Amino acid sequence: MNKDTITMTNNRTNEQYDFNILDATRGPSVVDISSFYKETGMFTYDVGYTSTASCKSNITFIDGEKGELRYRGMLIEELAENHSYLETCYLLLNGHLPTTEQLLDFDLELRHRSFIDESLHHLIDAFPDAAHPMSILASGVSALASFYYEHLNMKDEQECQDMARRIIAKIPTLAAFAYRKSLGIPFIYPNIDLSFTENFLYMMRAYPGGKMKRTANGEEKIKPIEIKALDTIFTLHADHEQNASTTTVRNVASTGAHPYVAISAGISALWGRAHGGANESVMAQMEMIGDVKNVDAFIERAKDPNDEFRLMGFGHRVYKNFDPRAKALKKLQDQLKDELNLDSKLMDIAHRIEEIALNDEYFIKRNLYPNIDFYSGVILTALGIKRPMFTAIFVIGRTVGWITQLMEFKNDSSSKIARPRQLYLGS
Ligand code: SDX
């Protein structure tokens, strides 16, 4: 018997089938069922792909049981504490951390690519003031495809790198413009003297003319601790294996569509409150709970199968232990509590939810732990970022992951157009 196969018996026909086992360098092996339909005349069935690997990848590894996350083999804790978001972007894109010189070149290139075509202002202006930033972001990124269409050759490595660096650099500008549009205030252009993360906060906060708020002590500066906090948040969001929005990006890319419309589709998928939109819902939920004494009643609602209320920021398809990013954010919260004057009432509510949920049979039995979205909102609020911008912050962090996964898909000669089948129950 071939040890590297799984043998399956169809008990209706007594036919036996062998399928090859493919081993991973980390984590579970897979059973190659690509010939399953041809051999058995049947489809496999896996709603939501809970047990299905859709591709091979060298980028990000998650061990859901241990609560471990690695980008190109490096632990997320190591990256979040000792490296910048730009170093993490370079690592994801190139498979290794940059040298000092490579990082400088990468940083300067992104600064000079951070501007968007003037005519995109008209697109953003066409939205109603109350437009959600995610709607503007998805549209703006899709529109970028029209500005970089002709000369895009995905077979050319340099053009791929240009395409990737361009979108990573422009997303913060589009996000900041979307925010300022929602306030009805003039856009602030990128400042190439500032780092990636400081520049984003500058574009969000500066007054027309590029001046920061004036106080009795002069111009209010963006604090280094604020830049470090947001930079860490970007790093923690950079990639996450084959999540719903990354799968969307790969699926759209599989049809040969322009990479930027694939990213735009990823932005739309991320917006859902079961996915990246959860960070906004967590804060709405905390504010709805309002006080620590109301937490118990909400926990009971979350457990009630007849109540559609869910505890936002809890649970994960892969993590059946603490999300290591949630741990890193909780540690960051504790570090920043005094320096950023975090909202202690919201933190008390969050800690009470966590304390109850982690000791309650309902959550324990289902392996429901806080995920990345549970803690990010309190820090973002302290950075002056309004709740409708929370998922846009997730987009800024995740764009490098999406574009890296897209390029991996394009470079994999075994890639195919995504076209699953179905269990037909119709007439
Ligand atoms: C992200 O995939 C990724 O990697 C995503 C992400 C990334 O970086 O890309 O990590 C980012 O999207 C994080 C998740 C943010 N979403 C939320 O916080 C929304 C709340 N969480 C849930 O909606 C849910 O936990 C999901 C969507 C995250 C996971 O859903 P699954 O894996 O399909 O699990 P399920 O819905 O089948 O739930 C299993 C059980 C069910 O109970 P039973 O039917 O077995 O009795 O757990 C229950 C669910 O009712 N459950 C919850 C719950 N989450 C699951 N009950 C109460 N509150 C919750 N939050």
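This report describes helix packing, aromatic pairs, buried positions and two unusual backbone angles in a predicted model.

**Helices α12 and α18**

Helix α12 covers residues 278-289 and helix α18 covers residues 390-411; the two pack with their axes 7 Å apart, at an angle of about 150°. Angles over 145 degrees count as roughly antiparallel, and α12 and α18 are therefore roughly antiparallel to each other. Their crossing is right-handed. On the α12 side the contact is made by Asn 279, Glu 280 and Met 283, and on the α18 side by Phe 390, Thr 391 and Phe 394. Sorted by class, the contact of α12 with α18 has 3 nonpolar, 2 polar and 1 charged residues.

Thr 391, found in helix α18, is buried, with a relative accessible area of 0%. Neighbours within four places in sequence left aside, Thr 391 is in contact with Asn 279 and Glu 280, and also with Met 134, Leu 270, Trp 271, Gly 276 and Gly 277. Asn 279 and Glu 280 are also among the α12 residues that make the helix contact described above.

**Helix α10 and its cover**

Helix α18 also appears in the surroundings of α10: what covers the buried residues of α10 includes α18 and α11 (259-271). Helix α10 spans residues 244-253, and its buried residues include Ser 245, Thr 246, Thr 247, Val 249, Arg 250 and Ala 253. Arg 250 is buried because its relative accessible area is under 20%.

**Ala 145 and its contacts**

Ala 145 lies in helix α6, residues 133-147. With a relative accessible area of 4%, Ala 145 is buried. Ala 145 and His 258 are 113 residues apart in sequence, but the C-alpha to C-alpha distance is 6.5 Å. Apart from neighbours within four places in sequence, Ala 145 is in contact with His 258, Tyr 260 and Val 261.

**Aromatic pairs**

Across the whole structure, a search finds 17 aromatic pairs. One of these is formed by Tyr 85 and Phe 196, whose rings are tilted, with 45° between the planes and 5.4 Å centre to centre. Tyr 85 lies in helix α3 (residues 85-94) and Phe 196 in helix α8 (residues 196-205), so this pair ties together parts that are 111 residues apart in sequence. Tyr 85 and Phe 196 are both buried. Elsewhere, ring pairs join Phe 314, Tyr 362, Phe 363, Phe 374 and Tyr 375 into a cluster.

**Positive phi angles**

Most residues other than glycine have a negative phi. Asn 14 is not a glycine, yet it has a positive phi of about 65°. Asn 367, likewise not a glycine, has a positive phi of about 50°. The table sets out these two residues with their loops and accessibility.

| Residue | Phi | Loop | Relative accessibility |
|---|---|---|---|
| Asn 14 | about 65° | between β1 (5-10) and β2 (15-22) | 62%, exposed |
| Asn 367 | about 50° | between α16 (361-365) and α17 (372-382) | 30%, partly exposed |

Asn 14 counts as exposed because its relative accessibility is 62%, and the cut-off for exposed is over 50%. Asn 367, at 30%, counts as partly exposed.

Note on methods. Residues are numbered from 1 along each chain as its sequence is written. This is a predicted model: local features need pLDDT of at least 70, side-chain atom pairs count only at pLDDT 80 or more; totals for chains, interfaces and linings use all residues. Side-chain values use heavy atoms; hydrogens and water are left out. Axes are lines fitted to C-alpha atoms, for helices over the stretch in contact, and angles run from 0 to 180 degrees between N-to-C directions. Helices (H or I, at least four residues) and strands (E, at least two) are DSSP runs, numbered from the N terminus. Angles under 35 degrees count as roughly parallel, over 145 as roughly antiparallel, 65 to 115 as roughly perpendicular and the rest as oblique. A crossing is left-handed if the near helix is turned anticlockwise from the far one by less than a right angle, and right-handed if clockwise. Contact means heavy atoms within 4.5 Å. Ala, Val, Leu, Ile, Met, Phe, Trp, Tyr, Cys and Pro count as nonpolar, Asp, Glu, Lys and Arg as charged, and the others, Gly among them, as polar. Rings of Phe, Tyr and Trp (its six-membered ring) pair if their centres lie within 6.5 Å; planes under 30 degrees apart count as stacked, over 60 as edge-to-face and the rest as tilted. Buried means under 20% relative accessible area, exposed over 50%, partly exposed in between (1.4 Å probe, protein chains only).
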